[in-house]
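Grab a pencil and have a go at these exercises before peeking at the solutions. Each one sets a task and then walks through it step by step.

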Amino acid sequence: MLHLRLITPSDTTDDVVRLIEGTTGTTHLVVLPDAARNPSGDVVMCDVAREAGDELIGGLRKLGLDRSGSISVENIDLSLSLRADKAEEEAPGEGADAVLWEQLSDATHEESTLTITYVAFLGLATMIAACGVVLDNAILIVGAMAVGPEFGPLAGFCTALVRKAPRLAWRSLVALLVGFAVAMVVTVGFSYFMDAVHLFSEGKLEGDRPNTGFIWAPDWLSFVVAVLAGAAGTLSLTSSKSGALVGVAISVTTVPAAANAAVALSYGDMKQTSGSTQQLLLNLLGIVLAGTFTLLAQKYLWARKRERTAKKPAQA
């Protein structure tokens, strides 16, 4: 269940209440006249089944409530109410399958913004991965994958394509390209430093690396894994399954490929630099394609579900 807290101008409250009462899957409606001060107006609260949340939020935005008042949405961890149980039963579909597009757009907007923290995490992840590729240490590679924040901009770009939001697409693309560029430049400098203190060496990079050699040798299997991980990551975002998102982060060779390219570049090994860059681009492409098609499929299937639900009363 979701809890909505709305601030509505007094002349809009009746329309808002009618919309809530007419939306299947809503309950616990509360209206507090003249309770809001900034902005001034009435406070309206209700609970709604997750699977009906996107429809209700969309209706509230059509009434202009996001501009004239406010719409706040919270997840309800526990609701002991027969009315809530009935609302969930009446709502179409299953809550785990529902996509809250406004919530997704808001989350990806935040995650896809180029910030100092984002660049710092990506830079640190790339340097950790650099240690992993030189030492041929798979544990460090996995750790670097988990630290890397690059899935945020990738998800933002996919969401922007589906929702036709050019600003979000541009913001995500800038965060992705600038973030990786800065991280790789920093890692090149880090490699020079580590070589100067005799912790890195060209011999280690060029030697036999059974655990990490795949990083600069892209193949179709890498692309398949990226596609699967992109689909899983998108589903984890739309269903709020953060545990699955961590699994996605340690499945795709993006940060390690950038790290290997940076270290190889510092030693003038253009073969590994080129191979690692191809691996990076291949994985990014696979994630974007899978994420976009996953969101399109969810949008189509959920629309069909709503259509079938809307036809049932008419047929009865």
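The exercises below go from the whole chain down to single residues, and the model they use is a predicted one.

**Exercise 1. Sketch the protein as a whole: what are its secondary structure elements, its spans and its buried share?**

Solution.
- Start with the elements: the protein has 14 helices and four strands.
- Next, look at the extent. The C-alpha trace spans about 75 × 45 × 35 Å along the principal axes.
- Now the burial: of the 316 residues, 46% are buried.
- Turn to the surface, where about 16000 Å² is accessible and 62% of that belongs to carbon and sulfur atoms.
- Then check the contacts. Take those between residues at least 6 apart in sequence: 80% of them join residues at least 24 apart.
- Finish with the charges: there are 24 positive and 32 negative ones, and their mean positions lie 7 Å apart.

**Exercise 2. Work out how the span of helix H2 compares with the expected one, and list which of its residues are buried.**

Solution.
- Find the helix first: H2 covers residues 50–62, which makes 13 residues.
- For the expected span, use 1.5 Å times one less than the number of residues. That gives 18 Å for H2.
- Compare this with the model, where H2 reaches 19 Å from its first C-alpha to its last, close to the expected value.
- On to burial, with the cut-off at under 20% relative accessible area. The buried residues of H2 include the charged-type side chains Arg-50, Glu-51 and Asp-54. The rest of the buried list is Ala-52, Gly-53, Leu-56, Ile-57, Gly-59 and Leu-60.
- Last, step past the end of the helix: H2 is followed by Gly-64, which has a positive phi near 80 degrees.

**Exercise 3. Trace the salt bridges: which pair links distant parts of the chain, and which residues join into one network?**

Solution.
- The structure holds four salt bridges. We'll take three pairs here, one at a time.
- Begin with Arg-5 and Glu-74, whose side chains meet at 3.9 Å, N to O. This pair links distant parts of the chain: Arg-5 sits in strand S1 (residues 2–8) and Glu-74 in strand S4 (residues 70–75), 69 residues apart.
- Check how open the two ends are. Arg-5 counts as partly exposed at 36% relative accessibility, and Glu-74 is partly exposed too, at 43%.
- Move on to Arg-61 and Asp-66, which meet in a salt bridge at 3.1 Å, N to O. Arg-61 has a relative accessible area of 35%, so it is partly exposed; with 31%, Asp-66 is also partly exposed.
- Then add Arg-67, which meets Asp-66 in a salt bridge at 3.8 Å, N to O. Arg-67 is exposed because its relative accessible area is 65%.
- Put the last two pairs together: their shared partners join Arg-61, Asp-66 and Arg-67 into one network.

**Exercise 4. Place Ala-160: is this residue buried or exposed, and what does it touch?**

Solution.
- Locate Ala-160 in helix H8, residues 151–163.
- Read off its accessibility. The relative accessible area of Ala-160 is 3%, so this residue is buried.
- List its contacts, leaving out residues up to four places away in sequence: Ala-160 touches Ala-165, Leu-168 and Ala-169.
- Finally, go a bit further along the chain. Arg-171 is eleven residues from Ala-160 in sequence and 9.7 Å away in space, C-alpha to C-alpha.

Key
Residues are numbered from 1 along each chain as its sequence is written. This is a predicted model: local features need pLDDT of at least 70, side-chain atom pairs count only at pLDDT 80 or more; totals for chains, interfaces and linings use all residues. Side-chain values use heavy atoms; hydrogens and water are left out. Helices (H or I, at least four residues) and strands (E, at least two) are DSSP runs, numbered from the N terminus. Buried means under 20% relative accessible area, exposed over 50%, partly exposed in between (1.4 Å probe, protein chains only). Contact means heavy atoms within 4.5 Å. Accessible areas come from the Shrake-Rupley method with a 1.4 Å probe; for residues, only the protein chains shown count as cover. The place of a charge is taken as NZ of Lys, CZ of Arg, CG of Asp or CD of Glu.
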